[in-house]
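Here is a short set of exercises to work through with the sequence and the model side by side. Try each task yourself before you read the solution.

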Amino acid sequence: MYFAYIRASTTDVRNPPELEPACREVPDDARRWSRRRAKRARLTCARCGLDFRRHIGSDPAAVAFEVTGPDTLPRFECGGCQPDLLAALTAAVATLPEPLPREASA
Ligand SMILES: [Zn+2]
């Protein structure tokens, strides 16, 4: 299975962050792993511990952002812990063009 996340550039308060969708492959049985194992595999928020496996595709605040941690290493934090990035993502999505209208069924 795939773990989708948003790669975020280091936040500079003067500029909007650069957001890039990304994903990485995780083993198919990752959903059944223990919490501790999921944490080691970086499938939980590094700040609040939110388990991304439980929230995939449901809660916008549970979007995983890859950010630079205090130790300068990349780590994942959820949208709830990164409200500015979540707001920037929401704003970016809002600028997408409308999808093509569906053909009226004959
Ligand atoms: Zn969090």
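**Exercise 1. How many bridges join β1 to β3, and do these strands run parallel or antiparallel?**

Before starting, note that this is a predicted model, in which local features need pLDDT of at least 70, side-chain atom pairs count only at pLDDT 80 or more, and totals for chains, interfaces and linings use all residues. Residues are numbered from 1 along each chain as its sequence is written.

Step 1. Helices (H or I, at least four residues) and strands (E, at least two) are DSSP runs, numbered from the N terminus.

Step 2. Between β1 and β3 there are two bridges, and the strands run parallel.

Step 3. Look at the residues: I6 has F65 in β3 as its bridge partner, while R7 is matched with E66 in β3.

**Exercise 2. Work out the order of the strands in the sheet.**

Step 1. List the elements of the protein chain: there are three helices and four strands, and from the N terminus on they run β-β-α-α-β-β-α.

Step 2. Find the pairs, where two strands pair if DSSP finds at least two bridges between them. β1 and β2 are joined by seven bridges in the antiparallel sense; Y2 has E25 as its partner in β2, and A8 has L19 there. β3 and β4 are also antiparallel, with five bridges, and T68 sits opposite P74 in β4.

Step 3. Put the strands in a row: the order is β2-β1-β3-β4, an open sheet of four strands with mixed pairing. Its edge strands are β2 (19-25) and β4, each of which pairs on one side only. On average, neighbouring strands are turned by 40 degrees against each other, direction ignored.

Step 4. Check the hairpin of β3 and β4: five residues lie between the strands, and T72 among the residues of this hairpin takes a positive phi near 70 degrees.

**Exercise 3. Find which elements supply the largest nonpolar core.**

Step 1. Set the terms. A nonpolar core is a set of buried Ala, Val, Leu, Ile, Met, Phe, Trp, Tyr and Cys residues joined through C-beta atoms within 7 Å. A residue is buried if 20 or more other C-beta atoms lie within 10 Å of its own, exposed if 12 or fewer, and partly exposed in between, with C-beta atoms placed from the backbone.

Step 2. The largest core has 14 residues, and those with the most contacts inside it are I6, A8, V63, A64, F65 and C78.

Step 3. At least two core residues come from each of β1 (2-8), β3 (64-68), β4 (74-78) and α3 (83-94). β3 gives the most, with three residues.

Step 4. Take A8 as an example of contact (C-beta atoms, placed from the backbone, within 7 Å). Not counting residues up to four places away in sequence, A8 touches P17, L19, F65, E66, V67 and L85.

Step 5. For the whole picture, 18% of the 106 residues of the protein chain count as buried.

**Exercise 4. Why does A88 count as partly exposed?**

Step 1. Place the residue: A88 lies in helix α3. This helix lies across β1, β2 and β3, running at about 105 degrees to β2. Axes are lines fitted to C-alpha atoms, for helices over the stretch in contact, and angles run from 0 to 180 degrees between N-to-C directions.

Step 2. Count its neighbours: A88 is partly exposed because it has 19 C-beta neighbours inside 10 Å.

Step 3. List its contacts: A88 touches P16, P17 and L19, not counting residues up to four places away in sequence. The C-alpha atoms of A88 and P17 are separated by 7.3 Å, although the two residues are 71 apart along the chain.

Step 4. Repeat with R54, which lies in helix α2 (residues 52-55). R54 is partly exposed because 14 other C-beta atoms lie within 10 Å.

Conventions:
Two residues are in contact if their C-beta atoms, placed from the backbone, lie within 7 Å.
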